Amino acid sequence: MTTIVSIFNHKGGVSKTTTTFNLGWMLARLGKRVILVDADPQCNLTGVTLGLTASWPPDEVGPDHDTSQDEEYSHTQEQAQDFFSKNLEKTLYGALKPAFESEPRFLEPVDCIPIEGRPGLYLLPGHLQLGEYEVSLSIAQELSGSLLALKNVPGAINYLLRCTAEALNIDYVLVDMSPSLGSLNQNIVSISDRVVVPTSPDFFSIMAVRSLARVLPRWKRWAESASQNEVLRTANYPFPAPTLKFAGGVIQRYRLYRSPSDTNPVGDPTGPFRVWINRVATSIRSDLVPALAKSGLMIDDQVYASAGIHSYILAQIQEFNSLLPKSQEHRVPVFELGEETLGQVGVVLEGSMRQVRSLLRIFDEFGNRLIAVSEDSE
Ligand SMILES: Nc1ncnc2c1ncn2[C@@H]1O[C@H](COP(=O)(O)OP(=O)(O)O)[C@@H](O)[C@H]1O
Ligand SMILES: [Mg+2]
């Protein structure tokens with residue numbers, strides 16, 4: 001059985017893309033077979049995973065700046081151009097074309113790209129033009145008179161992801177999404193089995209959580225009527241009955257005042273961050289969860305409890321600091337960094353390795369918790 005997991009929050013910059021990559025890698029490390037799907041037309045996940053993004057602007061500009069950075073930039077841009085021109089069919093946009101452009105052929109499983117360094121982990125790349133499907137989706141999802149001509153559109157993403165997962169014998173499909181409440185995201189969340197909501201410890205995340213408390217139940221009601229719609233039932237790709245449940249939240253990117261140590265392996269957030277972590281957790285528990293429970297979007301409380309999940313938070317993840325550029329350079333998650341990739345020695349290396357071990361422990365727990373709340377199929 002494949003579990004489709006949306007990594008969703010309509011607020012940007014809350015680590016959706018970073019979480020998709022790190023969590024997917026961890027699930028594969030735990031022995032699961034995983035596809036990362038880039039459903040954000042900005043293609044950040046595709047860029048990060050395939051090394052198609054170069055740091056820009058250069059560290060220093062001016063007459064003496066290091067021109068090798070310009071060359072690296074130009075080289076990566078050409079690689080990106082080359083990748084998209086050769087692999088259109090392998091992108092979410094290209095693979096969905098038969099359904100969205102009424103071509104006389106069926107959707108076929110995507111030949112996903114194996115991610116280097118982690119067997120069992122694949123990428124289904126994004127494409128900037130994926131945004132062009134928003135309009136057809138939004139017209140089709142009105143479920144009104146014009147539906148007949150677009151009847152193969154609403155169920156297409158579900159069909160494509162599930163047949164691709166079946167072809168590769170996949171356990172988890174993690175979908176990274178754009179920061180919007182548009183029809184593409186509505187469709188993807190509605191066909192998912194689980195949703196993970198990444199947040200950051202700030203006021204805007206609380207606003208976003210409150211808004212999700214209204215939006216997710218509305219999307220669930222829509223998915224129910226789409227799955228019962230007579231026209232969609234006769235489509236090539238019928239819209240499925242919703243199976244969506246809330247897996248939990250993630251709070252990420254806060255500073256530590258005490259670094260991780262052997263006796264305190266996750267470290268302690270600084271005072272102001274601790275306050276906002278608690279406020280976000282409270283908002284998830286008291287604004288979001290009751291609204292989701294009313295709509296049948298929660299799993300049994302016992303399942304969260306026995307998975308060791310408190311306040312519906314799957315993981316609290318600190319700021320990566322200097323580990324971030326190293327992980328980007330080597331295209332591995334922060335928790336896979338080691339002596340060689342860090343390129344450090346002595347006390348600096350020791351400090352970094354304490355951070356790496358702390359993050360490994362956090363992501364290992366995160367992965368196992370997601371598995372626990374996904375395998376409950378009530
Ligand atoms: N724990 C973290 N520590 C440091 N930087 C982070 C962390 N999580 C994310 N980032 C950085 O923050 C920025 C936004 O994260 P990203 O995953 O792209 O968010 P989103 O996909 O929600 O817009 C990126 O530059 C990313 O590298
Ligand atoms: Mg993103």
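# Exercises on a predicted model

The side chains of R162 and D193 form a salt bridge, with N and O 3.3 Å apart. The model is a predicted one. The exercises start from this pair.

## Exercise 1

Locate R162 and D193 in the chain, and state for each whether the residue is buried or exposed.

Solution.
- Step 1: R162 belongs to helix α6 (residues 156-167), while D193 sits in the loop between α7 (183-191) and β6 (194-199).
- Step 2: The two residues are 31 apart in sequence, so the salt bridge ties together separate parts of the chain.
- Step 3: R162 has 26% relative accessibility and therefore counts as partly exposed.
- Step 4: D193 has a relative accessible area of 11%; buried means under 20%, so D193 is buried.

## Exercise 2

Find which residues share salt-bridge partners with E336, and describe the pair E336 and R29.

Solution.
- Step 1: The structure holds 13 salt bridges.
- Step 2: In one of them the side chains of E336 and R29 meet, at 3.1 Å from N to O.
- Step 3: E336 lies in the loop between α12 (323-330) and α13 (339-342), and R29 in helix α1 (residues 16-29); this pair links distant parts of the chain, 307 residues apart.
- Step 4: E336 is partly exposed at 24% relative accessible area, and R29 is partly exposed at 37%.
- Step 5: Through shared partners, salt bridges join R29, R118 and E336 into one network.

## Exercise 3

Place the salt bridge between D111 and K90 in the chain and classify both residues by accessibility.

Solution.
- Step 1: The closest N and O atoms of D111 and K90 are 3.8 Å apart.
- Step 2: D111 is in the loop between α4 (92-100) and β3 (113-114), and K90 is in the loop between α3 (67-86) and α4.
- Step 3: With their positions 21 residues apart in sequence, the pair ties these parts together.
- Step 4: D111 reaches 51% relative accessibility, and the cut-off for exposed is over 50%, so D111 counts as exposed.
- Step 5: K90, at 25%, is partly exposed.

## Exercise 4

Explain why strand β5 is described as largely enclosed, and identify the strands that pair with β5.

Solution.
- Step 1: Strand β5 (residues 172-177) has six of its six residues buried, so the rest of the structure largely encloses this strand.
- Step 2: Side chains in a regular strand alternate between the two faces of the sheet.
- Step 3: In β5, Y172, L174 and D176 are buried on one side, and V173, V175 and M177 are buried on the other, which leaves both faces covered.
- Step 4: Strand β1 (residues 3-7) pairs with β5 in the parallel sense over five bridges. I7 has D176 as its bridge partner in β5.
- Step 5: Strand β2 (residues 34-39) also runs parallel to β5, joined by six bridges. Here I35 stands opposite V173.

## Exercise 5

List polar side-chain contacts to ligand 1 and state how much of the ligand the protein buries.

Solution.
- Step 1: Ligand 1 is surrounded by 14 residues, the closest being G13, K16, T17, T18 and F320.
- Step 2: A polar side-chain atom of S15 is 2.9 Å from a nitrogen atom of ligand 1.
- Step 3: Oxygen atoms of ligand 1 lie 2.5 Å from a polar side-chain atom of T18 and 3.0 Å from one of R253.
- Step 4: Ligand 1 taken alone exposes 550 Å², of which the protein buries 80%.

Notes: Residues numbered from 1 in each chain as written. Chains lettered and ligands numbered in written order. Predicted model: local features only at pLDDT ≥ 70, side-chain atom pairs only at ≥ 80, totals over all residues. Heavy atoms only, no water. Near = heavy atom within 4 Å. Polar contact = N/O pair within 3.5 Å; in protein donor to acceptor, adjacent residues only side chain to side chain. Areas by Shrake-Rupley, 256 points an atom, 1.4 Å probe, with all protein chains shown as cover. Salt bridge = Lys/Arg side-chain N within 4 Å of Asp/Glu carboxyl O. Helix = DSSP H or I, 4+ residues; strand = E, 2+ residues; numbered from the N terminus. Buried < 20%, exposed > 50% of the residue type's maximum accessible area, 1.4 Å probe, protein only. Pairing = 2+ DSSP bridges.
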